[in-house]
Amino acid sequence: MSRQRPPRPLDDIRVLELGAFLAGPFCGQLLADFGAEVIKVEPPGKGDPMREWGRHRYQGRTLWWPVLARNKKSITIDLRTPEGQALVKRIVPHVDMVLENFRPGTLEEWGLGWEELSALNPGLIMIRVSGFGQTGPYRDKAGFGSIGEAMGGIRAITGFPDRPPTRIGISIGDSLAATFATIGALVALHQRQRNGQGQVVDIGIYEGVLALMESMIPEYQLTGHIRERTGNVLPNVAPSNIYPTADGGWFVIGANADTIFTRLAQAMGQPELARDPRFATHHARGEHQAELDDLIAAWTINYTADQLQAMMDEYGVPAGKIYTAKEMLSDPHFLARQSIVGVPDPDLGEIKMQNVVPRLSATPGGIDWTGPALGQHNREVFVDLLGLSEDEVAALQAKRVI
């Protein structure tokens, strides 16, 4: 299992990834980005459903899997069989972390719960991502990312006040839970360096969302205010909105500080706005937010997005176009920082995808390969790591355990 590339900070960490879909596997992707050897377990013959997800395909293949499973190794084990469960127990002493996102209690039913696995490896860190966490009255309920987003508060405040709550556009609940799971895993790893003991990292999807809800809770507790949908504006913080352009698009301007608003007024050729009592202070602009937005929109509609960008840059006003993938692939800043990189795929050629985040100056992460073929690393793990014989592997294949 040698690595032919520059060293990365998690090169000495091995992760056994169980589960499927997004909330757990995205945590695995983040760990693999920084060098962890992530061995992903998939059902024989079927694989992770994410191999089939994605609206658009290229040459019959989904374009979600190459990103989510990048840098990972794929093995196949039927976790519902005693032989498959025994294989997992043989792997556990060789890993630092087990990552799973089954419904709580599922691994315990298979004899693969924390008590059983930590007995085999006292230093094991078990990362458990679920809809509602491992405890509490909702622990046994089915829970996808959309439910966690609703319960965690983000759906209630996303969209416009005269319309129903809306989805953000990505699986933000799953991704947030996975990101916090990654933080927990690294914190637990640091603690293990102190005492040699592993522990459980327990994250509910709704809690990953809740963690980002700013002052929503004390606002209600102390004032009775319930945050609601406000569309593109941050109430009483102005100007900060999207504005129409002459070329039919939208342009974001954030000039809510007094000094920045003064520069925006100068760029607009209306310096008197910064002295107008309605707009001269942060509070006054908040009180007249809609009126101010209308004035700015009446100005921006006369210019293209490129013209607006040039003026905003000249006057030092935070502003920008609303990017899609098309703009990202051609933007000079993206190119200079290699925010998007090309990764070779044996079937699809080079695939462009987002680079590793965050970037480290001395030991950065990287992407070595796209999502692997199903069971691509069976021999490497079962024979090279566990020492199974060819006959043992053949017998397991014949019984469809692997």
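## A viewer tour, starting at a proline

Select P239 to begin: this proline sits in the loop between helix 9 (216-223) and strand 9 (240-244). Keep in mind as you click around that this is a predicted model. Now add A238 to the selection and look at the link to P239: the peptide bond there is cis, with omega at about -5°.

Stay in that loop and pick N236, which also lies between helix 9 and strand 9. Its phi is positive, about 70°, although N236 is not a glycine. Is N236 buried, partly exposed or exposed? With 43% relative accessibility, N236 counts as partly exposed.

Zoom out and colour by domain. Domain 1 takes in 14-212 + 338-399, while domain 2 covers 240-324. Drop a distance between their C-alpha centres and you should get 43 Å.

Over in domain 2, select W250, V252 and I322 and show a surface. These three make a nonpolar patch, with about 290 Å² of accessible area together. I322 belongs to the loop between strand 11 (319-321) and helix 14 (325-330), and its 47% relative accessibility makes I322 partly exposed.

Next, jump to strand 6 (residues 97-100). What covers its faces? Both are covered: M97 and L99 on one side are buried, and so are V98 and E100 on the other. If you're checking the side-chain directions, remember that in a regular strand they alternate between the two faces of the sheet. Now bring in the neighbours. Strand 1 (residues 14-17) runs parallel to strand 6 and is joined to it by three bridges; strand 7 (residues 125-130) is parallel to strand 6 too, with four bridges. M97 is a handy anchor here: V15 has M97 as its bridge partner, and M97 stands opposite I125 in strand 7.

Select helix 7 (residues 172-195) for a quick geometry check. Its 24 residues, at 1.5 Å a residue, should span 34 Å, and the end C-alpha atoms are 35 Å apart, so the two agree. Just past the helix comes G196, with a positive phi near 75°.

Two stops are left. Q59 is in the loop between strand 3 (57-58) and strand 4 (61-62). Phi for Q59 is positive, near 50°, in a residue other than glycine, and at 57% relative accessibility Q59 counts as exposed.

Finish on P358, in the loop between strand 13 (349-354) and helix 16 (378-385). Show V357 as well: a cis peptide bond joins V357 to P358, with omega about 0°.

Conventions:
Residues are numbered from 1 along each chain as its sequence is written. This is a predicted model: local features need pLDDT of at least 70, side-chain atom pairs count only at pLDDT 80 or more; totals for chains, interfaces and linings use all residues. Side-chain values use heavy atoms; hydrogens and water are left out. Buried means under 20% relative accessible area, exposed over 50%, partly exposed in between (1.4 Å probe, protein chains only). Helices (H or I, at least four residues) and strands (E, at least two) are DSSP runs, numbered from the N terminus. Two strands pair if DSSP finds at least two bridges between them. Patches are made of residues with over 30% relative accessible area and no salt bridge: like charges are joined within 9 Å, nonpolar side chains (Val, Leu, Ile, Met, Phe, Trp, Tyr) within 5 Å. Accessible areas come from the Shrake-Rupley method with a 1.4 Å probe; for residues, only the protein chains shown count as cover. A salt bridge is a side-chain nitrogen of Lys or Arg within 4 Å of a carboxyl oxygen of Asp or Glu. The expected span of a helix is 1.5 Å times one less than its number of residues. Domain bounds come from an automatic or database domain assignment.
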